[in-house]
Amino acid sequence: MNRALVTLDHVSFTYEGQADYALHQVSFKIYENEWLAIVGHNGSGKSTLAKLMNGLQFPQEGSINVCGMTLSEESVWEIRKRIGMVFQNPDNQFVGTTVQDDVAFGLENNGIEREIMVERVKSSLESVKMDGFLNQEPHHLSGGQKQRVAIAGVIALRPDIIILDEATSMLDPRGREEVLNTVRELKRDHQMTVISITHDLEEAARADRMIVMNKGQLYREGTPTEIFQMDEELVRLGLDIPFPIKMSKMLREKGLPIAKHFLSEEELVNELWTSHFSK
């Protein structure tokens, strides 16, 4: 097991003016080079977790440790150097007039030398396949392209962890696929730790591990395969089951001997072809 980069220990949080906990006694760890998906319905506490891990809020009970530092008002700025956030609407993150200016913005604020900054801008945009758009205005890009530029701006800062806070929810299927493929490649090539905050279980199926939040508490954790065996229980929690899993279930009900839940359409098609149609 890789070392834990983030540890939450009995964390609780309540928003001002609200009687109920947004989070209550939540404990878990996030490991180096892991892709963890945190899923749940609206109001389950998943977005509050993102705010707490990045120091936008502080726990009222319990503690959060990030890269060996306990989160506090004294440590928050150093912790934020270790965590990059990609938000739901990329337009809200753009500050530069061109793609390369936007990616360079955070580097300039951190006082990075110009020679290093130029190299990081170039390599970051190459890693998300947007190096051909250096002088484009960000607002003229497609949704998926905008989000990939936002990711480039984050990875240029060399964080240990990237948090995707509903980062694909405003994208069409093509843009969503572009961004998720980019994240998978970055994790593989740069040994990055990814935290995906999402209500989209098809996105969560790409992760190494999942945490299901419900009413501010950790409801269940496990691999995507383990979580999707909950099946109708996920629907009762307000989550939609991914299409390949629905289709696997329907085929079993029709009498086809489908052995397991398939997390992607490609896996399901391959199983049908090799087991049932290629003979």
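**View 1. Secondary-structure elements around the largest pocket of this predicted model.** At least two residues of the pocket lining come from each of helix H2 (76–82), strand S6 (83–86), helix H3 (99–109) and helix H5. The volume of the largest pocket is about 710 Å³.

**View 2. Residues lining the largest pocket.** The lining is made up of 22 residues. Nearest the centre of the pocket lie Met-85, Gly-106, Gly-153, Val-154 and Leu-157. By type, the lining holds 12 nonpolar, seven polar and three charged residues.

**View 3. Helix H6, residues 173–190.** This helix has 18 residues. From its first C-alpha to its last it reaches 25 Å, close to the 26 Å expected at 1.5 Å a residue. Just after H6 comes Gln-191, with a positive phi of about 55 degrees.

**View 4. The two sides of helix H6.** Gly-175, Val-179, Leu-180, Thr-182, Val-183, Leu-186 and Lys-187 are the buried residues of H6. They lie on the same side of the helix because they cover an arc of only 155 degrees around its axis. In an α-helix, residues three or four places apart point the same way, because there are 3.6 residues a turn. Pro-173, Arg-174, Arg-188 and Asp-189, on the other side of H6, are exposed.

**View 5. Packing partners of helix H6.** The buried residues of H6 pack against three strands and three helices, as listed here. The strands are S3 (35–39), S7 (161–165) and S8 (193–198). The helices are H4 (114–127), H5 (143–155) and H7 (201–204). Helix H5 also supplies at least two residues of the lining of the largest pocket.

Technical notes
Residues numbered from 1 in each chain as written. Predicted model: local features only at pLDDT ≥ 70, side-chain atom pairs only at ≥ 80, totals over all residues. Heavy atoms only, no water. Helix = DSSP H or I, 4+ residues; strand = E, 2+ residues; numbered from the N terminus. Expected span 1.5 Å × (residues − 1). Buried < 20%, exposed > 50% of the residue type's maximum accessible area, 1.4 Å probe, protein only. Arc of directions from axis to C-beta. Contact = heavy atoms within 4.5 Å. 1 Å grid on protein atoms, 1.4 Å probe; cavity = no way out; pocket = protein on both sides within 12 Å on 5 of 7 lines; lining within 4 Å. Points joined across faces, edges and corners; volume = space filled by probe spheres on them. Nonpolar A, V, L, I, M, F, W, Y, C, P; charged D, E, K, R; others polar.
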